[in-house]
Structure formats: C-alpha cells, structure tokens
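Hi,

Here is the structure I promised to pass along. Have a look at it first, and then read my notes below.

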Amino acid sequence: MDARFNIVILTGAGISAESGLATFRGPDGLWEGHRVEDVCTPQALARDPGLVLDFYDQRRRALAQVQPNAAHEALARLDREWPGELLIVTQNVDDLHERAGAKRLIHMHGELLSALCRACGARSRFEGDMLDGPPCPSCGAQGALRPDIVFFGEIPYRMDEIQEALEQADLFVSIGTSGTVYPAAGFVQLANAAGADTLELNLEPSAGTTAAYGFAAGEYGAATALVPAWVDRLLALR
C-alpha cells in the first residue's frame, strides 16, 4: 500500500466525549436525561416542539463551552497533510472537527449550528435559540425553523458521496462509535466488500468487531491517546 492510498474515517460520539460532550445514548439509555425518542424523532417535534427546540437550544449553548481535543486536532492535521484522498464522515452534530481545522468532512446526521426551515427547506447557519420562534433568514417565515438534525426515521445526508468514498477506500477507520446505529454501523461491511483494510479505534470493542465482515483490527483506549499516535504512524508513510 503506497502513501497515497484513499482513507475514509468515521467518527462518533466517543471522539467528542473527552471534550465534555455527552455521548448520544449513555449507559442508562438516555441523552442528557431524555429518552432519545422524546427529543430526536419527527413525531417528538410534532408532539412537543417546545421540548425538542429547548433541548437543542441547550445543546447549542453547551457547545460554545467546549473545545476540540487532541483527537480532533490529530485528524485535522491528517486532513491537511495526507496526500491521497481522505474523507472524515462524522455522526456528531458538534463543530469540533471544523474548529480543529478539518475541511474534508461530511456531517451525515446534520449540525447543531444549522437551522432547517420547514416552510422553504433552506438551511442556514444558526447560533441562537429556536424556542423564541425566530424568522427564517431565507423566506422570513416565523417559527418555521427546526434543528438541522437528522432525526430517527429520516435519511442521513450525502449518503451517495459517502458510499462512493467507501467503494474507493483503501483504508476505513472507525473512531469512537458504538457500531449499533445504521447506516453508519454498516460502513465496515461496505469497506470490506470494496477490499479496504479496516481498523477500529475505540474505548472498547464495538458491535462491529463481532459482526460478519467486521473490523480486521482494533486498538482500544482513549481517543485522545490512540488517534494522535495512529496519525503519527500514518503520516510517517509519506
């Protein structure tokens, strides 16, 4: 394998946990004290929009209080310096990859700092509170904004691009994911089918380590230790 091989990296909540952001579904099955079904489904938004909008307003405010960690910084360095094709696909809705400097990046589950207008379909950067019902920056509709988050039951963003990258990948690496949320949990199978090497960097073995066509290799521990060391080894191949 030469030093210009193609890399696809999947990141999950585990990479941002060390920055102080709660993982999507904690050991008790809750996200910040709420059932995921109550704050992350279209039905929840229709049933209790105040609860859902306030929940994401709080997440947006909390995001301003945290910083990228060494794992984010290492992936941003890899993005800058890797001579081959590289794509970071994140399940996270925070902006820590961007703040660290990553550019070749897809947010497959949306972004906290983006609003989606239910009236005109426009997306726009958004840093305030939605509970107050601000107008859409594009069409002016009042109270039509919702978090630009892919709720359960909705289709993740840019899946065609992600699948194409996986089909062309020489190496697929998963960082800080549980391996239980689809379609991301199936990326390792797609990468294996394309003939890519597969590696998991995680706090502990995920569901993807035991699945058919799972990860060929794994390293386990804190992302802030594993990821910079892995990036150093990879960049030494240039």
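Let me start with helix H9 (residues 223-235), which lies across S1, S9, strand S10 (197-202) and S11 and runs at about 150° to S10. Helices (H or I, at least four residues) and strands (E, at least two) are DSSP runs numbered from the N terminus; axes are lines fitted to C-alpha atoms, for helices over the stretch in contact, with angles from 0 to 180 degrees between N-to-C directions.

A word on the source: this is a predicted model, where local features need pLDDT of at least 70 and side-chain atom pairs count only at pLDDT 80 or more, while totals for chains, interfaces and linings use all residues. Residues are numbered from 1 along each chain as its sequence is written, and side-chain values use heavy atoms, with hydrogens and water left out.

The sheet under H9 is open, with 6 strands in the order S5-S4-S1-S9-S10-S11 and parallel pairing (two strands pair if DSSP finds at least two bridges between them). Its edge strands, S5 (105-107) and S11 (217-220), each pair on one side only. Strand S1 (residues 7-11) is joined to S9 (residues 171-175) by 5 bridges, and Ile9 stands opposite Val173.

Trp230 is in contact (heavy atoms within 4.5 Å) with Ile9, Leu75, Leu78, Leu171, Val173, Leu199 and Leu201, leaving aside neighbours within four places in sequence.

Best wishes
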